[in-house]
Amino acid sequence: MAPEGEEDEGEGQKLVEEIQRVIESVAQFGEYRKTQRKECHNLVRRFKLMLPLVEELRDLTEPFHENGIVWLRNLWDALLFAKQLLRLCSEGSKILLAMETEAYMIKFQSVYEKLSLAFEDVPCEELGISDEVQEQLELMHTQLKRARRRTDTQDMELAMDMMAVLSGDEQRSSDSAIIERLAKVLELQRVEDLKIETLAIKQLAEERKGQQADSTKRIIGLLNKFKKIAGMEETSVLDDPVVPRMLVKSISLVIPHEFLCPITLEIMTDPVIIASGQTYERESIVKWFDSKHNTCPKTRQTLDHLQLAPNCALKNLIEEWCEKNHFKLPKKFQSSSQKNGPIISTEQIPSLVESLSSIHLEEQRRAVEKIRMVSKESPENRILVAENGGIPPLIQILSYPDSKIQEHAVTALLNLSIDEKNKRLIAKEGAIPAIIEVLENGSIVAKENSAACLFSLAMLDENKETVGLSNGIPPLVQLLKSGTVRGKKDAITALFNLSLNHANKSRAISAGIVAPLLRLLKDTKTNMIDEALSMLLLLSSIHDGRQEIGQLSLIETLVGFIKDGTPKNKECAASVLLELCTNNYSLLLAALQYGVYEHLIQIKESGTNRAQRKASALLDLISRSEQI
């Protein structure tokens, strides 16, 4: 029997080996889905930063003490949780990941919270960790805490395009230009990619076991639109025959371990042999030597010399394997570099929900913060919170004067609203007026999360109308006027979604939305020109919108975008100009005076498909006006 406080039969070393296996297995994942690629690369980079710690722990000869083993278990659990998310982003449905970008952003936050917690109290002394590695751990902990904070919002252009193709509006949902743009962004243009996506969706449907049927149906519908433009046969997916084994392999391709650099755990492009006989990526081992090391990173033996010899045989094997498996060597990427409570289990959810109705404010505050955390974790947790009756007390808490508890409550509702059934339940329980109240009077973060929550709820058409009738448009316009950059992005995304409802267009115009939209067109710092143009296009589809928007100064701005903007700028600006100039000769004449004609000719020849159609329609309009 091991002495008290020490490990039992090498459990510590076994855990170190398991941790190393997890880190190495993550390096073998294929390319990540484009919508989450940046976050995945950031997370994988942090995995690799743990290698010096693992190497040091692996070389320890003394037994691990109890605190060290507990810490290793916690780290292992956090890494497995992160690995599961990375696998989803590597192998999951691209369409699902695009539909649920906000939900996956929350998942990444949750991963960083778990990792940050694991690195909060590392028993360095008991583990015998060197001062150098301790400094690295402290730096990593600081980076993890920073990564936990939500600093970004979803891609607005992608969100708006997804809303358009998934909306019930037949004209917008069938717009070939939007579908082609989405297929390009999601990398679903090639037949091979579409076959792999079909398999991923089939697997998703099987995992859902008939639940979230509406969501699955919309995903399949969009997949078939992509297939149609690729010239493939449209199918029901669920009834498709089993996909060939070769295709299954291509989804989760495992890179041979010997192809990975032991330092970076990335597939090698320029493998070299050092004096110990070990092979490394040239760039990585050169950096190791430049850092005053004269040892082999893997074996730790002192080297007789630091000369490098190309491993041509291995390089040829890697190239042959890549060609055979259609594996594209990953590009190098660059990434920019609140104290949390214990991890909450699903068994605690009923008691947490019960504490939401406690007569003690402090108990309520702790419970609502934990509900906010647990509702980030998984779809299952969001369902459990709702099934245990958590939504009504959260709505009640929104009216509390305490700004922090109010912020936690509205954010918890935002997390819960990711689930489609919860969207209906939250609205049915009367949450929308209470959320709007927080949007008007809450803290900065509470206002931003309230706007995001209204956006999420308004994915259902009936909720769009409820938000409009509950006077939710004016505070969103106010946030668009005076919020932070994140607040403005949350506001305009919510307003765009809400304005797919006809009556809400007029409400937005009455609330004064046009002025802040025009300011955004001239504000290069917020980088929201496409969002502002898309919103103006929606508003210009009604008479009141055209009356409010149709200013000579805007015509000049639109012509400027048509001349010098990005392809998307040109497309949106031409679309808005067409709406404004149809049946308004004076605005058409102004556009001609600003020199739009020659720029429309250029777009007709080289613009996006949709931009070409709009340019052609404007040129026809000009031609007809000249004949009058």
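What follows is a chat about charges, rings and burial in this structure, which is a predicted model.

Reader: Let's start with the rings. How many aromatic pairs turn up in the whole structure?

Author: A search of the whole structure gives 2 aromatic pairs.

Reader: Why is the pair of tryptophan 71 and phenylalanine 119 called edge-to-face?

Author: The ring centres of tryptophan 71 and phenylalanine 119 are 6.0 Å apart, with the planes at 80°. Centres have to lie within 6.5 Å to pair, and planes over 60 degrees apart count as edge-to-face. So 6.0 Å makes tryptophan 71 and phenylalanine 119 a pair, and 80° makes that pair edge-to-face.

Reader: What makes you say that this pair ties together parts of the chain?

Author: Look at where the two rings sit: tryptophan 71 is in helix 4 (residues 66-91), while phenylalanine 119 is in the loop between helix 6 (101-118) and helix 7 (124-127). The pair therefore ties together parts that are 48 residues apart in sequence.

Reader: Are these two buried or exposed, and how do you know?

Author: Buried means under 20% relative accessible area. Tryptophan 71 has 4%, so it is buried. Phenylalanine 119 has 3%, so it counts as buried too.

Reader: And what makes phenylalanine 259 and tryptophan 321 edge-to-face?

Author: For phenylalanine 259 and tryptophan 321 the numbers are 5.9 Å centre to centre and 75° between the planes. With the cut-offs at 6.5 Å and 60 degrees, that pair is therefore edge-to-face. Phenylalanine 259 lies in the loop between helix 14 (245-251) and strand 1 (271-273), and tryptophan 321 in helix 16 (residues 312-324), so this pair ties together parts 62 residues apart in sequence. Both phenylalanine 259 and tryptophan 321 are buried.

Reader: On to the charges. How many salt bridges are there?

Author: The count comes to 19 salt bridges. One of the networks to look at links Glu31, Arg37 and Glu187.

Reader: How do you know that glutamate 91 and arginine 87 form a salt bridge?

Author: Their N to O distance is 3.2 Å, and the rule asks for a nitrogen within 4 Å of a carboxyl oxygen, so glutamate 91 and arginine 87 qualify. The two are 4 residues apart in helix 4, which means about one helical turn between them.

Reader: Why is glutamate 91 called buried and arginine 87 partly exposed?

Author: Glutamate 91 is at 19%, under the 20% limit, so it counts as buried. Arginine 87 is at 35%, between the 20% and 50% limits, so it is partly exposed.

Reader: What makes lysine 404 and glutamate 407 a salt bridge?

Author: Lysine 404 and glutamate 407 are 3.3 Å apart, N to O, so they meet the 4 Å limit. They sit 3 residues apart in helix 21 (residues 403-416), again about one helical turn. Lysine 404 is partly exposed at 41%, whereas glutamate 407 is buried at 8%.

Reader: Which salt bridge has a 2.7 Å distance, N to O?

Author: That is glutamate 571 with arginine 181, and both of these residues are buried.

Reader: Last one: why is glutamate 138 called exposed?

Author: Glutamate 138 has a relative accessible area of 53%, and exposed means over 50%, so the label fits. Glutamate 138 is in helix 8 (residues 131-148) and belongs to a negative surface patch with Asp131, Glu132 and Glu135.

Conventions:
Residues numbered from 1 in each chain as written. Predicted model: local features only at pLDDT ≥ 70, side-chain atom pairs only at ≥ 80, totals over all residues. Heavy atoms only, no water. Patch = residues over 30% accessible without salt bridge, like charges linked within 9 Å, V, L, I, M, F, W, Y side chains within 5 Å. Areas by Shrake-Rupley, 256 points an atom, 1.4 Å probe, with all protein chains shown as cover. Salt bridge = Lys/Arg side-chain N within 4 Å of Asp/Glu carboxyl O. Lys, Arg positive; Asp, Glu negative; His and termini not counted. Charge placed at Lys NZ, Arg CZ, Asp CG, Glu CD. Buried < 20%, exposed > 50% of the residue type's maximum accessible area, 1.4 Å probe, protein only. Phe/Tyr/Trp six-rings, centres within 6.5 Å; stacked < 30°, edge-to-face > 60°.
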